[in-house]
Number of protein chains: 2
Amino acid sequence: MQTLLQFIRSQPVGGVLSKADWGNNDFLGVAARVYKPHSVICRQDDDDDRIFIVKSGWALLYRGLPSGERQIIDTPLGGDIVGFRSVDGPRFASLASITELAVYETSRKELVEAVLSEGRLGNKIACSLARLNAILAEHLVNVGRRNAMCRTAHFLLELDERLSKAGLSTHGRYECPLTQHELADILGLTTVHVNRTLRELRKADLVSFRAGHVEVINRKKLVNTAGFDGEYLK
Amino acid sequence: MQTLLQFIRSQPVGGVLSKADWGNNDFLGVAARVYKPHSVICRQDDDDDRIFIVKSGWALLYRGLPSGERQIIDTPLGGDIVGFRSVDGPRFASLASITELAVYETSRKELVEAVLSEGRLGNKIACSLARLNAILAEHLVNVGRRNAMCRTAHFLLELDERLSKAGLSTHGRYECPLTQHELADILGLTTVHVNRTLRELRKADLVSFRAGHVEVINRKKLVNTAGFDGEYLK
DNA sequence: CGATATGTTGAATACGGTCAAAAAGTGTGG
DNA sequence: CCACACTTTTTGACCGTATTCAACATATCG
């Protein structure tokens, strides 16, 4: 289980902060909160300045369009920062829990103050945002230049890699609470086509996703068809 | 013309750094460099740790795929940071100039050191990365959930907004050195389809892009069809 | 058990891709 | 200034992946 302290001490800052520096849970007005499954934690266009660091559980960060469609930007997992913006103003994405979700909450104001007075935290935040950048860039490549098969394969491998680090995936097997509809909104596809693509991936003995359980069957072939290189997740 | 000092002093840090704090051009081992048009400045998979801050000119940040296709991640413009990663290791994107490109170059090592010792810089970097995040997220929405028309319209409006801030666009008119092929790699389309889409946008009297010159014809209608809201660019 | 969300399948359609060729623009050197 | 090569833009015909629409099956949950 990742705590805020662990987050701050984790790579690449690598434990330069002592426990005494920060305390454990009560550092910079941070509140630990737990949300029920399928709660909306913050809404696009809201004007609060809360910032979240995911402790455990699954969440969705998404943008809704006037047409009613939505694009899921990311599925933040343990240790990920959500909601840090360059300036104050209305949020441009919503955050919702899928499973029960534990988060640390602080405010932009407080976090910026802490960053200003403690360079190590600033560095940690910057690195964390840089990683998120890399993930978003890869999602962009996925949606922009890979077909449904590769795209889906790639995302399932990304999840495997991200969950492995939290000990939530072993030997290519992990629990994934996403529905096919949510998967579609992540991959820029329709629900129907996601369904067909998953069937093909199963038939081709590459990866199986059924009843919330993902199982990588032939990693070599899967990595190859996805064109996956996990370097960007470091 | 945006200088590094201006970048650091710009919103949202807003001039909290005095000129004396940083000097002008010689702060943290920064070298100002100028690249010729169509130079490759750094390559995907290279293992150097250079970081760039764009001073002036147009650049492309892109990822190549095994198939030979590529997805352009962003078109960094004045003040944007390029190449900051969470850890050392091979780059996952290439950077190339389109026009003559002036950049400040430093290294990850030096920048991190500076961030650690000076919170205001850390905050500035974090905010800059947060803004880049928002741009990438919007690109993802664009490619994932908008059709060719909206997508193209949206991107041309984004450029208008970004260039306006640098004084490079007035009254919806700006010079854009991108080829239709490059535009295609940004939008996740083919060159042929970009060509047809631009023709339609022109015929619909929304926006015209010819011979490197963009002209917003009917902003209201254009904003509407694109579903554009520039909030994310702040 | 009935209601609602999720998953599955088929048939028809459309948006954007592929292939191919020509036209227009740009730059270079003789 | 023109000839030549090359890049960029434009257009047409055809094709394919993913969407749309519709119906039904299967979980899930109060």
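Chain A superposes on chain B by a rotation of 180° with 0.0 Å of shift along its axis, at an RMSD of 0.0 Å. The superposition is by least squares on the C-alpha atoms of residues with pLDDT of at least 70 in both copies. The two copies are therefore related as by a two-fold rotation axis. This is a predicted model, in which local features need pLDDT of at least 70 and side-chain atom pairs count only at pLDDT 80 or more, while totals for chains, interfaces and linings use all residues. Residues are numbered from 1 along each chain as its sequence is written, chains are lettered from A and ligands numbered from 1 in the order in which they are written, and side-chain values use heavy atoms, with hydrogens and water left out.

**Contact between the chains**

Chain A and chain B each bring 49 residues to the contact, where contact means heavy atoms within 4.5 Å. Of the interface residues of chain A, 100% are also interface residues in chain B, so the copies meet through the same surface. The area buried between the chains is about 4,300 Å², and carbon and sulfur atoms give 67% of that area. Buried area is the accessible area (1.4 Å probe) that two parts lose on being put together, summed over both. A:Ser86, A:Leu140 and A:Arg145 supply 18% of the area that chain A buries against chain B, more than any other three residues.

Between chain A and chain B there are 12 residue pairs in polar contact, both residues being at pLDDT 80 or more. A polar contact is a pair of N or O atoms within 3.5 Å; within protein, one must be able to donate a hydrogen and the other to accept it, and residues adjacent in sequence count only if both atoms are side-chain atoms. On the side of chain A that touches chain B, the elements giving two or more residues are strand 5 (70-74), helix 3 (108-117), helix 4 (119-145) and helix 6 (180-187). Helices (H or I, at least four residues) and strands (E, at least two) are DSSP runs, numbered from the N terminus. Helix 4 of chain A provides the largest share of this side, 22 residues. By class, the residues of this side are 26 nonpolar, 10 polar and 13 charged. Here Ala, Val, Leu, Ile, Met, Phe, Trp, Tyr, Cys and Pro count as nonpolar, Asp, Glu, Lys and Arg as charged, and the others, Gly among them, as polar.

**Salt bridges**

The structure holds 34 salt bridges over all chains, and the count between chain A and chain B is four. A salt bridge is a side-chain nitrogen of Lys or Arg within 4 Å of a carboxyl oxygen of Asp or Glu. Across the interface, A:Arg145 pairs with B:Asp185 at 2.8 Å, N to O. Inside chain A, A:Arg70 and A:Asp185 form a salt bridge at 2.9 Å, N to O. That pair links distant parts of the chain, with A:Arg70 in strand 5 and A:Asp185 in helix 6, 115 residues apart.

**DNA strands C and D**

DNA strand C is surrounded by 15 residues, the closest being A:Gln180, A:Asn195, A:Arg196, A:Arg199 and B:Ala148. A residue is near a strand if one of its heavy atoms lies within 4 Å of it. Of the atoms of DNA strand C that come within 4 Å of the protein, sugar and phosphate account for 62%. DNA strand D is also surrounded by 15 residues, and the closest are A:Ala148, B:Gln180, B:Asn195, B:Arg196 and B:Arg199. Sugar and phosphate again make up 62% of the atoms of DNA strand D within 4 Å of the protein.

The table gives polar contacts to the two strands.

| Protein atom | DNA atom | Distance |
|---|---|---|
| A:Asn195, polar side-chain atom | strand C, phosphate oxygen | 2.9 Å |
| A:Arg196, polar side-chain atom | strand C, base nitrogen | 2.7 Å |
| B:Thr190, side-chain N or O atom | strand C, phosphate oxygen | 3.0 Å |
| A:Ala148, backbone N or O atom | strand D, phosphate oxygen | 2.8 Å |
| A:Thr190, polar side-chain atom | strand D, phosphate oxygen | 2.9 Å |
| B:Arg210, polar side-chain atom | strand D, phosphate oxygen | 3.2 Å |

Helix 7 of chain A gives the largest share of the surface near DNA strand C, four residues. For DNA strand D, the largest share, four residues, comes from helix 7 of chain B. The surface near DNA strand C has four nonpolar, seven polar and four charged residues. The surface near DNA strand D divides into four nonpolar, seven polar and four charged residues.
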